[in-house]
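Reader: I've got the model open and I'd like a close look at one part of it. Could you pick a turn, start there, and then work outward to whatever surrounds it?

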Amino acid sequence: MTTPSDHGQDASAAAGTGAPAGPASLAELERRAAARRRRPAYGHDALIACDRLVRVFTADGVEVQALQGLDLLVAEGELMALVGASGSGKSTLMNILAGLDVPTAGAAKVAGRDLLTMDAGARLGYRREVVGFVWQQTARNLLPYLTTLQNVTLPMQLSGGRRRAARTKAAERLLSMLSLDHCRDRRPHQLSGGEQQRTAIAVALANSPSVLLADEPTGELDSHTAEQVFTAFRTANEELGTTIVIVTHDQAVASEVRRTVAIRDGRTSSEVLRRTERDAATGRESLVAREYAMLDRTGRLQLPAEYTGSLGMEHRVLLELESDHIGVWPDRPADEGRAEEGSGDGPEDEAGQAPEPGDARTGMPGTADGADA
Ligand SMILES: Nc1ncnc2c1ncn2[C@@H]1O[C@H](COP(=O)(O)OP(=O)(O)O)[C@@H](O)[C@H]1O
Ligand SMILES: [Mg+2]
């Protein structure tokens, strides 16, 4: 159903939508058009809304499709993780959300700002006030010749507004919230890796951004230190209400957030949601995780490779609508079972030819051509 090459298709091309019998009346068509107009736009209430985002890089005449129609909605106040294999497009997405890169096509909105149409001035304001970011390389986050306090007050100073005393006070509050009081007057080289990343979080929060983005922030840290850095993100989310998106390889981090979205080949492919459930009998609470596949607005679904592989599904599958689910079946001849039982009513048998393995795809309902035989 989902192939990387068909992402330009129109929604109306989706097969199997039950069309009503007979032509609709004019009044009915008008009613439908009005209903469509009233329907809120995709992601209208999300803080981050990526709609069929595409980013193509061209290097030495070779085209790389880093994002291939990625959809993602993040609600205000969420703390979520993005996971995916190396090269799947995570950093490309983060750079776009950070306002450092511009998508090739699609739409991306963050806190009401349109990331495709911002001019240079708006982009600078966006990076200073709407988003904060923390990178994997600790050295990229902090200025080496400034103390922790100065690193945190610098973004406040750059965006103007507050007086010096107010800036210092606000910075000290952030340092205290992230348990960094003891680091106030040290320079980055006098801090541990974990302290550097927590300081980077404080710097990113300096101008009270709506969104905090972090690209593998614990990638260079051991697991114990990574845990402390993750706690700092959680604190920021809980105490300041900042919406946070963390790209991570760290399974421990990914399993501690309520929502983990997986990216595969430049698209969001699946999502794990976790919630606490209380056992009615014992009263004990436990964290229950469920994995979901993403369904895009045109009805495309990406099936896990393990599932399709284990049933030998390729190119196309048969769908059946049931009252409460949709069945997905491998594309096999409808009469394969009967042929094995030796019944003589198949068309090939009538023609005196045994079906060959190579004919396996000609038995699908509605496909009469056997051109590949
Ligand atoms: N500036 C660039 N120029 C050319 N190709 C790029 C550039 N940035 C990323 N890519 C390519 O885009 C794909 C996605 O990269 P990236 O977003 O960095 O993946 P991830 O962060 O998930 O490892 C990769 O194939 C990468 O080589
Ligand atoms: Mg990356």
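Author: Let's start at D265, which has a positive phi near 50 degrees in the hairpin of β9 and β10, where 2 residues sit between the strands. Keep in mind that this is a predicted model. On either side of that turn, β9 (residues 259–264) and β10 (residues 267–278) run antiparallel and share 6 bridges. If you want one rung to click on, take A262, whose bridge partner in β10 is S270.

Now follow β10 along to its next partner. β10 also pairs with β11 (residues 285–293), again in the antiparallel sense, over 9 bridges. A rung to look at here is R274, which stands opposite A289 in β11. This second hairpin has 6 residues between its strands, and the residue with the positive phi is G283, near 75 degrees.

Zoom out and these strands turn out to belong to something wider. They're part of an open sheet of 7 strands with mixed pairing, in the order β6-β7-β8-β3-β9-β10-β11. The edges are β6 (131–134) and β11, each with a single partner strand, so each has one side without a neighbour in the sheet. On average, neighbouring strands in this sheet are turned by 20 degrees against each other, ignoring direction.

Next, look at β7 and β8 in that order. Strand β7 (residues 211–215) and strand β8 (residues 243–247) run parallel, joined by 5 bridges. L213 is found opposite V245 in β8. Helix α8 (residues 223–240) packs on the sheet here, touching β3 (79–83), β7 and β8, and its direction makes about 160 degrees with that of β8.

There's a second sheet to set beside the first. This one is also open, with 4 strands in the order β2-β1-β4-β5 and antiparallel pairing. Its edges are β2 and β5 (113–114), and since each has a single partner strand, one side of each is left without a neighbour in the sheet. At the β5 end, β5 pairs antiparallel with β4 (residues 105–110) over 2 bridges, and K109 has D114 in β5 as its bridge partner.

At the other end, β1 and β2 are antiparallel over 10 bridges. They form a hairpin as well, with 2 residues between them, and the turn residue D60 has a positive phi of about 55 degrees. That's worth holding up against our starting point, where D265 takes its positive phi near 50 degrees in a hairpin that has 2 residues between the strands. Within the β1 and β2 pair, F57 stands opposite V64 in β2.

Those two residues lead straight to the ligand. F57 and V64 are among the residues around ligand 1, along with A59, A66, G84, S86, G87, S88, G89, K90, S91 and T92. The elements supplying two or more of them are β1 (48–59), β2 (62–74) and α2 (90–97). Helix α2 gives the most, with 3 residues. By class, this shell holds 4 nonpolar, 7 polar and 1 charged residues. And α2 reaches the second sheet too, lying across β1, β2 and β4 and running at about 65 degrees to β2.

One more stop: the helices, with α5 as the hub. To describe two packed helices, you give the angle between their axes and the distance between the axes. For α5 (residues 148–158) and α7 (residues 193–205), that's about 25 degrees, with the axes 7 Å apart. So α5 and α7 are roughly parallel. Their crossing is right-handed. From α5, the contact uses T148, N151, V152 and P155, and from α7 it uses T199, A202 and V203. Sorted by class, those are 4 nonpolar, 3 polar and no charged residues.

With α6 (residues 164–177), α5 makes an angle of about 125 degrees, and the axes are 9 Å apart. That makes this pair oblique. The crossing of α5 past α6 is right-handed. T148, L149, V152, T153, M156 and Q157 of α5 meet R167, T168, A170, A171, L174 and L175 of α6, and together they come to 7 nonpolar, 4 polar and 1 charged. Look for T148 and V152 in this contact, and then find them again in the contact of α5 with α7.

Key: Residues are numbered from 1 along each chain as its sequence is written. Chains are lettered from A and ligands numbered from 1 in the order in which they are written. This is a predicted model: local features need pLDDT of at least 70, side-chain atom pairs count only at pLDDT 80 or more; totals for chains, interfaces and linings use all residues. Axes are lines fitted to C-alpha atoms, for helices over the stretch in contact, and angles run from 0 to 180 degrees between N-to-C directions. Angles under 35 degrees count as roughly parallel, over 145 as roughly antiparallel, 65 to 115 as roughly perpendicular and the rest as oblique. A crossing is left-handed if the near helix is turned anticlockwise from the far one by less than a right angle, and right-handed if clockwise. Two residues are in contact if their C-beta atoms, placed from the backbone, lie within 7 Å. Ala, Val, Leu, Ile, Met, Phe, Trp, Tyr, Cys and Pro count as nonpolar, Asp, Glu, Lys and Arg as charged, and the others, Gly among them, as polar. A residue is near a molecule or strand if its C-beta atom, placed from the backbone, lies within 6 Å of it. Two strands pair if DSSP finds at least two bridges between them.
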